[in-house]
Amino acid sequence: MSLKNQVVIITGASSGIGEATAILLAKQGAKLVLVARRTERLKELTNQVTGLGAEAIHLSTDITQNHEVQKMVSTTIEHFGKVDVLINNAGIMPLSMVDKIHLDEWVRMVNVNITGLMYGVAAVLPSMIQQQNGHIVNVSSVAGRKLFPGGAVYCGTKFFVSAFSEGLRMELSPRHNIRITCIEPGAVTTELLNTITDEDVLNMLAGMKENFDFLEAEDIAESILYALSQPNRVNISELLITPRTQG
Ligand code: NDP
């Protein structure tokens, strides 16, 4: 399926996987709505993708605020007339050992990775149901399949994303022609580790890059493109993408 003129909202587009996905989809002729909080980054990316020939707007949006997410969708429909694809990619990962009780970070992770993602789904569903067409891509993680020390809450949020995606797929795909894809990356070189404040976890992770090569954000963008490009009869439900050398 061609992505030409498909209207695609990408949350977390200001860096990492979201940014790489925006650039890749721009090359396919998609019309892009680039969403995050760091407006300067979004402006630069908008210039970059329009330089590639794509139509794009950026919307400074905090996905933990439902009214901002609703506005993200209504502005998209005002500007482009429809939403074909929502890529729910924004996320944070302030890993910490539970005995440190970083309650603020636990709550922020739930707010962004779970609540913000649900706001996105709730905001696009009415128009996707009305048009009986759409595709929602949720970015979960390998952490949505297995636990590791420091990841009790982060993994919990990503287990939610994987479970929610399957629930959405079962109900929405057959009845409303809305496809649902859950993307589960292993370790990827992005800014995600910058959200970690727990020194013990940082020390634990310090050697990780010496043990195996991280993926590049572009690798995950390619997986998202693969899921989006399938013919309408195909729903790519889940893709687990890990570095070959990550155990
Ligand atoms: P980055 O830190 O590079 O990107 C995270 C993005 O989320 C940024 O664009 C950030 O933008 C956005 N974001 C964070 N909080 C909010 C918010 N409240 N409202 C709107 N946007 C927000 O990391 P990645 O690219 O790696 O992360 C993308 C997704 O991939 C996440 O869901 C992450 O959990 C997942 N993932 C990443 C892996 C990795 O190893 N990197 C592995 C597995 C999954 P801004 O700060 O400008 O708002």
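## Exercises on a predicted model

Ile 101 sits in the loop that connects S4 and H4. The model used in these exercises is a predicted one.

### Exercise 1. Backbone angles in two residues

Task: state what is unusual about phi in Ile 101 and in Asn 5, and decide whether each residue is buried or exposed.

Solution.
Step 1. As background, most residues other than glycine have a negative phi.
Step 2. Ile 101 is not a glycine, yet its phi is positive, at about 50 degrees.
Step 3. Ile 101 has 10 other C-beta atoms within 10 Å, so it is exposed.
Step 4. Asn 5 belongs to the segment before S1. Its phi is near 65 degrees, again a positive value in a residue other than glycine.
Step 5. The count for Asn 5 is 12 C-beta neighbours inside 10 Å, and a residue is exposed at 12 or fewer, so Asn 5 counts as exposed.

### Exercise 2. The order of the sheet

Task: give the strand order of the open sheet and explain why S3 and S9 each have one side without a neighbour.

Solution.
Step 1. The sheet is open and contains seven strands, in the order S3-S2-S1-S4-S5-S6-S9, and the pairing is parallel.
Step 2. Strand S3 (56-60) and strand S9 (238-241) are at the edges. Each has a single partner strand, so one side of each lacks a neighbour in the sheet.
Step 3. On average, neighbouring strands of this sheet are turned by 15 degrees against each other, direction ignored.
Step 4. Two pairings can be followed in detail. S1 and S2 run parallel and are joined by five bridges; in this pair Val 7 stands opposite Lys 31 of S2.
Step 5. Strand S5 (residues 134-139) pairs with strand S6 (residues 178-185) over six bridges, also in the parallel sense. Gly 134 has Ile 178 of S6 as its bridge partner, and Ile 136 has Ile 180.

### Exercise 3. Two covered strands

Task: work out how many residues of S2 and of S6 are buried, and which residues point to each side.

Solution.
Step 1. In S2, six of the six residues are buried, so the strand is largely enclosed by the rest of the structure.
Step 2. One side of S2 carries Lys 31, Val 33 and Val 35, and the other carries Leu 32, Leu 34 and Ala 36; both faces are covered.
Step 3. In S6, eight of the eight residues are buried.
Step 4. Ile 178, Ile 180, Cys 182 and Glu 184 point one way from S6, while Arg 179, Thr 181, Ile 183 and Pro 185 point the other way.

### Exercise 4. Helices across the sheet, and the core

Task: find which strands H1 and H5 lie across, and which helix gives the most to the largest nonpolar core.

Solution.
Step 1. H1 lies across strand S1 (7-11), strand S2 (31-36), S3, strand S4 (85-88) and S5, and runs at about 165 degrees to S1.
Step 2. Helix H5 (residues 152-176) lies across S5 and S6, at about 160 degrees to S6.
Step 3. The largest nonpolar core has 65 residues; those touching the most other members are Val 8, Ile 9, Ile 10, Ala 22, Leu 32, Leu 34 and Val 35.
Step 4. H4 gives the most to this core, with eight residues.
Step 5. Take Val 35 as an example. Beyond its neighbours within four places in sequence, Val 35 is in contact with residues including Ile 9, Ile 10, Leu 59 and Met 72.

### Exercise 5. A buried loop residue

Task: locate Ile 63 and say whether it is buried or exposed.

Solution.
Step 1. Ile 63 lies in the loop between S3 and helix H3 (66-80).
Step 2. It has 26 C-beta neighbours inside 10 Å, so it counts as buried.
Step 3. Ile 63 and Leu 117 are 54 residues apart along the chain, and their C-alpha atoms are separated by 7.4 Å.
Step 4. Leaving aside neighbours within four places in sequence, the contacts of Ile 63 include Thr 11, Ala 90, Val 112 and Tyr 119.

### Exercise 6. The shell around the ligand

Task: describe which residues surround the ligand and which helix supplies the largest share.

Solution.
Step 1. The ligand is surrounded by 31 residues, of which Gly 12, Gly 16, Arg 37, Arg 38 and Gly 91 are the closest.
Step 2. By class, 14 are nonpolar, 13 polar and four charged.
Step 3. Helix H1 (16-27) and helix H4 (103-131) each supply at least two residues of the shell. The largest share, three residues, comes from H1.

Definitions and conventions
Residues are numbered from 1 along each chain as its sequence is written. This is a predicted model: local features need pLDDT of at least 70, side-chain atom pairs count only at pLDDT 80 or more; totals for chains, interfaces and linings use all residues. A residue is near a molecule or strand if its C-beta atom, placed from the backbone, lies within 6 Å of it. Helices (H or I, at least four residues) and strands (E, at least two) are DSSP runs, numbered from the N terminus. Ala, Val, Leu, Ile, Met, Phe, Trp, Tyr, Cys and Pro count as nonpolar, Asp, Glu, Lys and Arg as charged, and the others, Gly among them, as polar. Two strands pair if DSSP finds at least two bridges between them. Axes are lines fitted to C-alpha atoms, for helices over the stretch in contact, and angles run from 0 to 180 degrees between N-to-C directions. Two residues are in contact if their C-beta atoms, placed from the backbone, lie within 7 Å. A nonpolar core is a set of buried Ala, Val, Leu, Ile, Met, Phe, Trp, Tyr and Cys residues joined through C-beta atoms within 7 Å. A residue is buried if 20 or more other C-beta atoms lie within 10 Å of its own, exposed if 12 or fewer, and partly exposed in between; C-beta atoms are placed from the backbone.
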